[in-house]
Amino acid sequence: SPTLSVLEKHREQITPISGLHHPHGLGNHHGCQTIWLTGGKIGATERNTISVDQLMAQQMAPHTRFASLELSNQGRSLSWNADGILLPAEANPGVVFRRLFTTPEGGIDAQRRRLDRRQSILDAVLGEATSLRGRLGNDDRGRLDQYLTSVREVEVRAQRAEQWLDVPRPEIDPAQAARLSQDVGLSRLGNYLQTMYDLIVLAFQTDTTRVVSFSTGEEGKGPAIPDIRIFQDRHSLSHHGGVETRLNDLAASDRFNLQQLSYFLDRLR
């Protein structure tokens, strides 16, 4: 199609699938975030399930410094843990670069002390929660178990971080580091997306992680694209203005985002 034509050179790596849909959540179309990587039902009572990237991360975790990386240009993750709890996502490329490739402030000894303090706090929290659990009803016990799952995940991450303390972080070309460590905003969306894609490629190249999820724009609002003089968010584009203008702007928005994806696939190749 005209929209997909920007991916023509990657035809051998792509399988377009059409005819799919998902049920509307709670009578509207704002439940899209829940289902992309989980297949979970959307509704007032259903809980989400683990997302496929986190299933992958469970297998890959022993091999890399970071089990997975969650990114989003609007702050909302696509990733859900084993208890159906949404994981946080990072939106700032500079923060991502420093987290992955920069030795923490104060050096390894300072980081080890911080991890030891965190472990002591987690031990205290888990101890108190365990003693509390026996005095709760079933509903409250279920909520406490969800909380404990999250606490244990923090504990596992802290233990993993300590195991990797003495492993040097990969050396990055200074020019590349200077570019990727900048705090890039959405005022130039193409630059932002390509910076994020470059960070993902670098994370894979250095085997810092093998699992990344990246939400490039929420379906309900999506970012504006000043680069091509589209100043409304995606949701507004789909509802306001004349039909022809809406369709033209939506098509231009799709092509722009697929051009950035094509850039990413070029880098991966």
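## Salt bridges and a helix pair

In this predicted model, Asp207 comes out as partly exposed, at 31% relative accessibility. Its salt-bridge partner is Arg210, and the closest N and O atoms of the two sit 2.9 Å apart. Arg210 is partly exposed as well, with a relative accessibility of 37%.

That pair is a handy way into the charged contacts. The structure holds seven salt bridges, and three of them are set out here.

| Acidic residue | Basic residue | Closest N and O atoms |
|---|---|---|
| Asp207 | Arg210 | 2.9 Å |
| Asp183 | Arg98 | 3.1 Å |
| Asp198 | Arg267 | 2.5 Å |

Let's take Asp198 and Arg267 next. Their closest N and O atoms are 2.5 Å apart. Asp198 belongs to helix α6 and Arg267 to helix α8, so this salt bridge ties together parts of the chain that are 69 residues apart in sequence. Is Asp198 buried or exposed? Asp198 is buried, because its relative accessible area is just 2% and the cut-off for buried is under 20%. Arg267, on the other hand, counts as partly exposed at 29%. The pair doesn't stand alone, either: Arg179 joins Asp198 and Arg267 in a network of salt bridges.

The two helices that carry Asp198 and Arg267 also meet as a pair. Helix α6 covers residues 189-205 and helix α8 covers residues 243-268; their axes come within 10 Å and cross at roughly 25°. That angle makes α6 roughly parallel to α8, since anything under 35 degrees counts as such. As for handedness, the crossing of α6 past α8 is right-handed.

Now for Asp183 and Arg98, whose closest N and O atoms lie 3.1 Å from each other. Which parts of the chain does this pair tie together? Asp183 sits in the loop between α5 (174-180) and α6, while Arg98 is in helix α2 (residues 93-101), so the salt bridge links parts that are 85 residues apart in sequence. Asp183 counts as exposed, with 51% relative accessibility, and the line for that is drawn at over 50%. Arg98 is partly exposed, at 35%.

Away from the charges, there's a nonpolar patch on the surface. Val52, Leu55 and Met56 make it up, and together they have about 250 Å² of accessible area. Val52 is found in helix α1, which spans residues 52-60. With a relative accessible area of 42%, Val52 is partly exposed.

Key: Residues are numbered from 1 along each chain as its sequence is written. This is a predicted model: local features need pLDDT of at least 70, side-chain atom pairs count only at pLDDT 80 or more; totals for chains, interfaces and linings use all residues. Side-chain values use heavy atoms; hydrogens and water are left out. Patches are made of residues with over 30% relative accessible area and no salt bridge: like charges are joined within 9 Å, nonpolar side chains (Val, Leu, Ile, Met, Phe, Trp, Tyr) within 5 Å. Accessible areas come from the Shrake-Rupley method with a 1.4 Å probe; for residues, only the protein chains shown count as cover. A salt bridge is a side-chain nitrogen of Lys or Arg within 4 Å of a carboxyl oxygen of Asp or Glu. Helices (H or I, at least four residues) and strands (E, at least two) are DSSP runs, numbered from the N terminus. Buried means under 20% relative accessible area, exposed over 50%, partly exposed in between (1.4 Å probe, protein chains only). Axes are lines fitted to C-alpha atoms, for helices over the stretch in contact, and angles run from 0 to 180 degrees between N-to-C directions. Angles under 35 degrees count as roughly parallel, over 145 as roughly antiparallel, 65 to 115 as roughly perpendicular and the rest as oblique. A crossing is left-handed if the near helix is turned anticlockwise from the far one by less than a right angle, and right-handed if clockwise.
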